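Please work through the following exercises with the structure at hand. Each task is followed by a solution in steps.

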Amino acid sequence: PYMEEKNPKFDFSGIPEIRYNPVIDSFVQKVNLDSIYSFLYRMQNFKTRFSYSDSCRKAEEWAYNKFLSRGYDVEFFPYVFQNNVWRNVVATKWGIDSNDIFCVIAHLDATSETPHILAPGADDNASGSAVVLECARVLKDMNSSHTFRFILFTGEEQGLIGSSFYAEYADSVNMPLRAVLNYDMVGYTDDQNLDVSIMTNQYFTWLVDYQKAMADTYTNLIVY
């Protein structure tokens with residue numbers, strides 16, 4: 001799998017000034033807790049989403065159909081690992097400028113001490129996958145010049161396998177990715193605070209600053 005970290009291919013300037021925008025707020029208000037829970041409960045009810053299991057293939061198919069029902073251009077991204085054919089689920093909403101792609105991603109698979117029998121992975125990572133599915137639901141009718149791509153990866157628990165194969169593919173075709181938001185274990189909590197931790201590498205600190213500014217403007221989230 002492709003694991004080498006490379007410098008960004010595109011130049012990024014500082015973040016634009018954040019001013020309250022009622023259009024953005026209207027999309028934020030569409031986020032529905034019951035919808036997120038419904039996605040999460042359905043995924044944990046697969047009993048196991050261990051990448052080696054047939055149940056994980058069923059979860060991939062369920063996610064594929066969920067994206068499809070929202071009107072997205074959906075495809076499986078197959079790859080071979082240890083003689084197994086696994087799949088990522090990729091849903092795209094094409095913008096006017098398809099050379100400007102923003103990705104929202106999470107890993108769909110899960111593991112446990114007995115992964116072949118039981119690995120519901122409610123937090124790790126049905127919660128992150130549910131956020132991706134909810135983003136796709138909220139943005140399905142949004143017209144944009146940018147292309148949005150929502151990806152659910154498998155093989156994460158075996159070492160970022162599915163995402164590494166996709167990264168290798170994206171690099172090989174010079175895919176014009178402008179930014180990638182990855183949601184992992186967003187259901188985790190160790191206190192009563194509604195908070196979020198944002199992490200990045202040295203090249204995308206601007207994106208963290210932008211996310212924090214957006215969270216401060218449109219939510220009550222505590223960002224660190």
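The exercises below concern a predicted model and treat its cores, its helix packing and several individual residues.

**Exercise 1. The nonpolar cores**

Task: Determine how many residues the largest nonpolar core has, and which elements give two or more residues to this core.

Solution.
Step 1. The largest nonpolar core has 26 residues. Those with the most contacts inside this core are Met43, Trp62, Phe67, Tyr72, Val132, Phe150 and Leu152.
Step 2. Two or more residues come from each of α2 (33-44), α3 (54-69), β2 (84-93), β3 (101-107), α4 (122-139) and β4 (147-153). Of these elements, α4 gives the most, with seven residues.
Step 3. A second, separate core has 14 residues, including Phe77, Val90, Tyr166 and Ala170.
Step 4. As background, nonpolar side chains in soluble globular proteins tend to be buried together.

**Exercise 2. The surroundings of Trp62**

Task: Identify the residues in contact with Trp62, leaving aside its neighbours within four places in sequence.

Solution.
Step 1. Trp62 is among the residues with the most contacts inside the largest nonpolar core.
Step 2. With the sequence neighbours set aside, Trp62 is in contact with Phe39, Arg42, Met43, Phe46 and Leu133.
Step 3. Met43, one of these partners, is likewise listed among the residues with the most contacts inside the core.

**Exercise 3. The packing of α2 on α4**

Task: Describe how α2 and α4 cross, and state which residues of the two helices meet.

Solution.
Step 1. Two packed helices are described by the angle between their axes and the distance between the axes.
Step 2. The axes of α2 and α4 come within 8 Å, and their crossing angle is roughly 135°.
Step 3. The two helices, α2 and α4, are therefore oblique to each other. Their crossing is right-handed.
Step 4. From α2, the residues Ser35, Ile36, Phe39, Leu40, Met43 and Gln44 meet Ala122, Ala126, Ser127, Ser129, Ala130, Leu133, Glu134 and Arg137 of α4. The residues of this contact comprise eight nonpolar, four polar and two charged.

**Exercise 4. The packing of α3 on α4**

Task: Decide whether α3 and α4 are roughly parallel or oblique to each other, and give the residues of their contact.

Solution.
Step 1. The axes of α3 and α4 are 10 Å apart, and the helices pack at an angle of about 20°.
Step 2. Angles under 35 degrees count as roughly parallel; α3 and α4 are therefore roughly parallel to each other.
Step 3. The crossing of α3 and α4 is right-handed.
Step 4. Trp62, Lys66 and Phe67 of α3 meet Val132, Leu133 and Ala136 of α4. By class, the contact has five nonpolar residues, no polar ones and one charged.

**Exercise 5. Glu60 and Ser51**

Task: Establish whether Glu60 and Ser51 are buried or exposed, and which residues they touch.

Solution.
Step 1. Glu60 lies in helix α3, whereas Ser51 is found in the loop between α2 and α3.
Step 2. Buried means under 20% relative accessible area. Glu60 has a relative accessible area of 0% and is therefore buried. Ser51 is also at 0% and is therefore buried.
Step 3. Not counting residues up to four places away in sequence, Glu60 touches Phe76, Arg87, Val89, Leu108 and Thr154. On the same basis, Ser51 touches Cys56, Arg57, Trp86, Asp109, Ala110, Thr154, Gly155 and Gln158.
Step 4. Glu60 and Asp109 are 49 residues apart in sequence, with 9.2 Å between their C-alpha atoms. Ser51 and Ala110 are 59 residues apart along the chain, and their C-alpha atoms are separated by 7.3 Å.

**Exercise 6. Backbone features**

Task: Locate the cis peptide bond, and find where Gln82 and Met185 lie.

Solution.
Step 1. The cis peptide bond joins Asp124 and Asn125, with omega about 15°. Asn125 is found in helix α4.
Step 2. Gln82, a residue other than glycine, has a positive phi near 50°. Gln82 is placed in the loop between β1 (73-81) and β2.
Step 3. Met185, also a residue other than glycine, has a positive phi near 55°. The loop between β5 (177-182) and β6 (195-196) holds Met185, and at 33% relative accessibility this residue counts as partly exposed.

**Exercise 7. Ile222**

Task: Determine in which strand Ile222 is found and which residues it touches.

Solution.
Step 1. Ile222 is found in strand β7 (residues 222-223).
Step 2. With a relative accessible area of 42%, Ile222 is partly exposed.
Step 3. Not counting residues up to four places away in sequence, Ile222 touches Asn193, Leu194, Asp195 and Val196.

Key. Residues numbered from 1 in each chain as written. Predicted model: local features only at pLDDT ≥ 70, side-chain atom pairs only at ≥ 80, totals over all residues. Heavy atoms only, no water. Core = buried A, V, L, I, M, F, W, Y, C linked by side-chain atoms within 4.5 Å. Buried < 20%, exposed > 50% of the residue type's maximum accessible area, 1.4 Å probe, protein only. Helix = DSSP H or I, 4+ residues; strand = E, 2+ residues; numbered from the N terminus. Contact = heavy atoms within 4.5 Å. Axes fitted to C-alpha atoms, helices over the stretch in contact; angles between N-to-C directions. Parallel < 35°, antiparallel > 145°, perpendicular 65-115°, else oblique. Left-handed = near helix turned anticlockwise from the far one by under 90°. Nonpolar A, V, L, I, M, F, W, Y, C, P; charged D, E, K, R; others polar.
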